[in-house]
Amino acid sequence: MADEPVCVRNYLRAADTESTLAAVQALGAGVEQLDGELVIRGVGLHTPAEVTGGVLDVGNSGTLLRLLPGWLSGQPGGEWTLDGDESIRRRPVERVAEPLRLMGASIETSDGGLPPMKLRGAGLSGVDYELPVASAQVKTCVLIAGLLASGSTRVTEPSMSRDHTERLLTRARVPLSRDGLSLSVHAVDELELEDVIVPGDPSSAAFLAVAACLVPGSRIVIDGMCLNWTRTGLFRIAQRMGAVILGDLEEPGEGAPAEEPIGELDVAAAPLVATEVLPEEVPLAIDELPLVGLLGCFAEGDTVVRGAAELRVKETDRIAGVVEGLNGLGADLEATDDGFVVHGGTGIEGGTIDSRGDHRLAMLGAVAGLASRSGVEVLGMDAAAVSYPEFERDLRALLER
């Protein structure tokens, strides 16, 4: 969306991010792949191209599915249809369609508010929108639309979610302000973004960290990881459970910071105790909550996760996937409508777990195998490539040290 070329370093090459590159190229951006970096030559905020055949394929990327409508809905005269794989066609999109319609967008979804999603660009007006559920994806969609809308656009969350978008927009010189849980933006003519360095992903690092927490005698150092406080919820939960995790995790602050904090974490195995994950913690650990279930298996007492109904509409129903998957390995979990309860202290025996085509569940199964007494076979391990294609390589390298 920028007018000038932007260099992106430390770009993750995974299925979801490749889908994103393909989408921006289809919309007219140029992508030059150099040694260790990408140069993106954007089309500007107001001139995305229409797509041959009219359909933009988002693959398996729910983030792409929910961010693109914010940009495309504000392009008068343009028409696009967003679609993806079988998993994407089960992901709800009314949550982004509703606020965009309030701003004047023309959006059609399929039965049940699911993809494919047809967009007709229109002139947008600012809105004051309260999110029913804290969601960085929906928040981002509305903020991007606000860059194209007349007047002011304000988004209010019930609790804090990931703030990568706010930081990026601030670096792009967007007039953005924060007042508690509310964010406001106004229309801009262009985005002025300098080079982007992508920090190591906490969601991917979390699987290696939990392996170190659970395998006796383990210790690893994770370097170059994003320490943004809105992304490190799992690490704080694990610390509360007794895990040894040392590092300078960012603390919450006022306003909208521009930079992403980057640093290292030192993680070692230790005895664990149960904990309760409250609803306001869920958005800060949403993709890592399956790992809380695994940690709970080894913790003394009952670990409870509440307010996490969002897990039921991920790539698969992750509440069912975690509970049924870990129970099949000899654990004792109960599903609730909005989370799960782990009766811990017994660890995991072993067996077979089905990833259900979900990258997080695939990696969960692998880590469970390391911590189990007799080993775990993961069906569909290739799903990990969606977000962490080098997961097996990195895990094997740690085991060989």
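Me: How many bridges join strand β20 to β21 in this predicted model, and in which direction do the two strands run?
Reply: This is a predicted model, and in it β20 covers residues 333-336. A hairpin of two residues leads from β20 into β21, and T336 stands opposite G339 in β21. The two strands run antiparallel, and the bridges that join them number four.

Me: Which residue of β21 is the bridge partner of V305?
Reply: Strand β19 comprises residues 302-305. Its pairing with β21 is antiparallel and rests on four bridges. Within β21, the bridge partner of V305 is F340.

Me: How many of the five residues of β21 are buried?
Reply: Strand β21 spans residues 339-343. It is joined by bridges to β19 and to β20. The strand is mostly covered, and the number of its residues that are buried is four.

Me: Which strands stand at the edges of the sheet that contains β4, β5, β6 and β7?
Reply: This open sheet has four strands with mixed pairing, in the order β4-β5-β7-β6. An edge strand has a single partner, so one of its sides is left without a neighbour in the sheet. The strands in that position are β4 (55-57) and β6 (106-110).

Me: By what angle are neighbouring strands of the sheet β4-β5-β7-β6 turned against each other on average?
Reply: The sheet is open, and its pairing is mixed. With direction ignored, the average turn between neighbouring strands of this sheet is 20°.

Me: What angle does the direction of α3 make with that of β6?
Reply: Strand β6 runs antiparallel to β7 (residues 114-120), with five bridges between them; S106 has R120 in β7 as its bridge partner. Helix α3 packs on the sheet and touches both β6 and β7. The angle between the directions of α3 and β6 is about 160°.

Me: Where is S87 found, and which side chain does the side chain of S87 join in a polar contact?
Reply: S87 is found in the loop between β5 (79-83) and α3 (94-102). Because its relative accessibility is 10%, S87 counts as buried. Apart from residues up to four places away in sequence, it touches N60 and E315. The polar contact of 3.4 Å joins the side chain of S87 to that of N60.

Me: Is V267 buried or exposed?
Reply: V267 has its place in strand β15 (residues 262-268). Leaving aside residues up to four places away in sequence, V267 touches several others, including A209, C213, I220 and V244. Its C-alpha atom is 6.5 Å from that of L246, a residue 21 places away along the chain. Because the relative accessible area of V267 is 0%, this residue is buried.

Me: Why does the salt bridge between E166 and R178 tie together separate parts of the chain, and how far apart are its closest N and O atoms?
Reply: E166 lies in helix α5 (residues 164-171) and R178 in strand β10 (residues 177-179), so the pair ties together parts that are 12 residues apart in sequence. E166 is buried, with a relative accessible area of 1%. The closest N and O atoms of E166 and R178 are separated by 2.8 Å.

Me: Does the accessibility of E194 place this residue among the buried or the exposed?
Reply: E194 and R173 meet through their side chains in a salt bridge of 3.3 Å, N to O. R173 lies in the loop between α5 and β10, and E194 in the loop between β11 (182-186) and β12 (196-197), so the pair ties together parts that are 21 residues apart in sequence. R173, at 48% relative accessibility, counts as partly exposed. With a relative accessibility of 54%, E194 counts as exposed.

Me: Which residues are joined into one network by salt bridges that share partners?
Reply: R318 and E315 form a salt bridge in which the closest N and O atoms are 2.7 Å apart. R318 is buried at a relative accessible area of 1%, and E315 is buried at 8%. The network joined through shared partners consists of R91, R162, D287, K314, E315, R318, D358 and R360.

Me: How many salt bridges does the count give?
Reply: Side chains of opposite charge can pair when their charged atoms come close. One of the pairs in this model is E166 with R178, and another is R173 with E194. The count of salt bridges comes to 34.

How values were computed
Residues numbered from 1 in each chain as written. Predicted model: local features only at pLDDT ≥ 70, side-chain atom pairs only at ≥ 80, totals over all residues. Heavy atoms only, no water. Buried < 20%, exposed > 50% of the residue type's maximum accessible area, 1.4 Å probe, protein only. Contact = heavy atoms within 4.5 Å. Polar contact = N/O pair within 3.5 Å; in protein donor to acceptor, adjacent residues only side chain to side chain. Pairing = 2+ DSSP bridges. Axes fitted to C-alpha atoms, helices over the stretch in contact; angles between N-to-C directions. Salt bridge = Lys/Arg side-chain N within 4 Å of Asp/Glu carboxyl O.
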